[in-house]
Amino acid sequence: MKICYSRPLKLSDPFGDFMSEEDREFLRGIIRKSDDTLGWEELSCIFQGILPAGTYEECAYFIPWALKFMASGDDAASSLVDEFCRWCDENIESLKNDLLWNEILGFFIKLFVDCTGKLVLYRNGDGVLYPENLDIAETVLECFDSMKRIDTGIAPFLSLLCENMDYPKAVWTLTLSRYTLAGCQRQAYDIVMENICDSSNPDELEYQDKLLRYSNF
């Protein structure tokens with residue numbers, strides 16, 4: 001990913017959220033650290049949802065390292081996904097103007113596909129099958145579902161995700177949508193089927209019926 005801005009000399013705390021001397025020293029400490037040593041504590045501070053540690057330009061410099069951390073499999077990665085997506089939602093026009101949004105969207109598509117490629121099912125205490133190790137994939141769906149703007153929400157995300165979708169990916173996408181998308185499960189099903197089914201093919205019609213029954217829509 002391209003870096004549009006120079007490394008900031010400071011994090012300006014534009015919303016006055018870091019008031020104490022200890023907080024301000026923490027911000028100075030972030031700047032003193034090398035980019036490759038930034039972890040969850042620093043990155044979640046930089047991209048702190050609606051109260052980020054810096055201006056858009058200051059924070060945007062660190063986007064590549066935030067993406068690297070979210071893809072690392074670290075236990076805290078899903079927490080950063082949540083903060084980072086809220087930051088993106090607040091700065092979407094600037095990200096589009098800098099031609100960064102499509103790259104970020106592509107990153108989350110790949111992250112979701114990578115996560116769902118590792119799925120294992122287990123039975124919970126009620127005997128219901130549930131996907132294991134899905135914190136990041138679930139968080140990605142939840143974050144895009146909560147985005148305020150129609151062109152950055154769950155429908156565009158699912159449409160891109162479903163391009164060239166095969167049966168296993170469709171099953172896992174719908175499985176996740178059952179648990180994470182409040183009120184959007186049918187929309188998710190329609191988007192999946194629109195992208196993968198040829199209604200003139202009997203095999204595809206049988207496949208569609210299986211997905212419909214599996215998803216309980």
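Start by selecting D36: with a relative accessible area of 59%, D36 is exposed. Here "buried" stands for under 20% relative accessible area, "exposed" for over 50%, and "partly exposed" for what lies in between, using a 1.4 Å probe and the protein chains only. Before you click on, note that this is a predicted model, where local features need pLDDT of at least 70 and side-chain atom pairs count only at pLDDT 80 or more, while totals for chains, interfaces and linings use all residues. Residues are numbered from 1 along each chain as its sequence is written, and side-chain values use heavy atoms, with hydrogens and water left out.

**Stop 1: the partner of D36**

Add K68 to your selection. The side chains of K68 and D36 meet in a salt bridge, 3.8 Å from N to O. This pair links distant parts of the chain, 32 residues apart: K68 is in helix 4 (residues 63-70), and D36 is in the loop between helix 1 and helix 2. K68 is exposed too, with a relative accessible area of 54%. A salt bridge here is a side-chain nitrogen of Lys or Arg within 4 Å of a carboxyl oxygen of Asp or Glu. Helices (H or I, at least four residues) and strands (E, at least two) are DSSP runs, numbered from the N terminus.

**Stop 2: D35 and R7**

Now select D35. Is D35 buried or exposed? At 13% relative accessibility, D35 counts as buried. The side chain of D35 meets that of R7 in a salt bridge, 2.9 Å from N to O. Distant parts of the chain are linked here as well, with the two positions 28 residues apart: D35 is in the loop between helix 1 and helix 2 (40-46), R7 in the segment before helix 1. R7 is partly exposed, with a relative accessible area of 26%.

**Stop 3: along helix 1**

Select R28 and E25. Their side chains form a salt bridge, 3.0 Å from N to O. R28 and E25 are separated by about one helical turn, because they are 3 residues apart in helix 1. R28 is partly exposed at 36% relative accessible area, and E25 is partly exposed at 34%. Extend the selection to E21, R24 and R32, and you have a network of salt bridges that links E21, R24, E25, R28 and R32. How many salt bridges does the structure hold? It holds 10.

Stay in helix 1 and pick I30. I30 is buried, with a relative accessible area of 1%. Contact means heavy atoms within 4.5 Å. Leaving aside neighbours within four places in sequence, I30 is in contact with R7, L11, L38, E42, C45 and I46. Try a distance from I30 to L43: they are 13 residues apart in sequence and 8.8 Å apart in space, C-alpha to C-alpha.

**Stop 4: the core**

Next, select F47, I63, F84, W87, F108, F144 and F157. These have the most contacts inside the largest nonpolar core, which has 53 residues. Helix 7 (residues 101-116) gives the most to this core, with 9 residues. A nonpolar core is a set of buried Ala, Val, Leu, Ile, Met, Phe, Trp, Tyr and Cys residues joined through side-chain atoms within 4.5 Å. Zoom in on I63: apart from neighbours within four places in sequence, I63 is in contact with M1, F47, F84, W87, L95, L100 and I104.

**Stop 5: helix 5 and the cysteines**

Select S78 in helix 5 (residues 77-90). At 15% relative accessibility, S78 counts as buried. Not counting residues up to four places away in sequence, S78 touches D135, I136 and T139. S78 and T139 are 61 residues apart in sequence and 6.2 Å apart in space, C-alpha to C-alpha.

Then select C88 and C85. Why is there no bond between their sulfurs? The sulfur of C88 is 6.0 Å from the closest cysteine sulfur, in C85, and that is too far for a bond. The cut-off for a disulfide is a pair of cysteine sulfur atoms within 2.5 Å, and the structure holds 0 disulfides. C88 is buried, at 0% relative accessibility.

**Last stop: the whole chain**

Select everything. The protein chain has 12 helices and 2 strands. Of its 217 residues, 46% count as buried.
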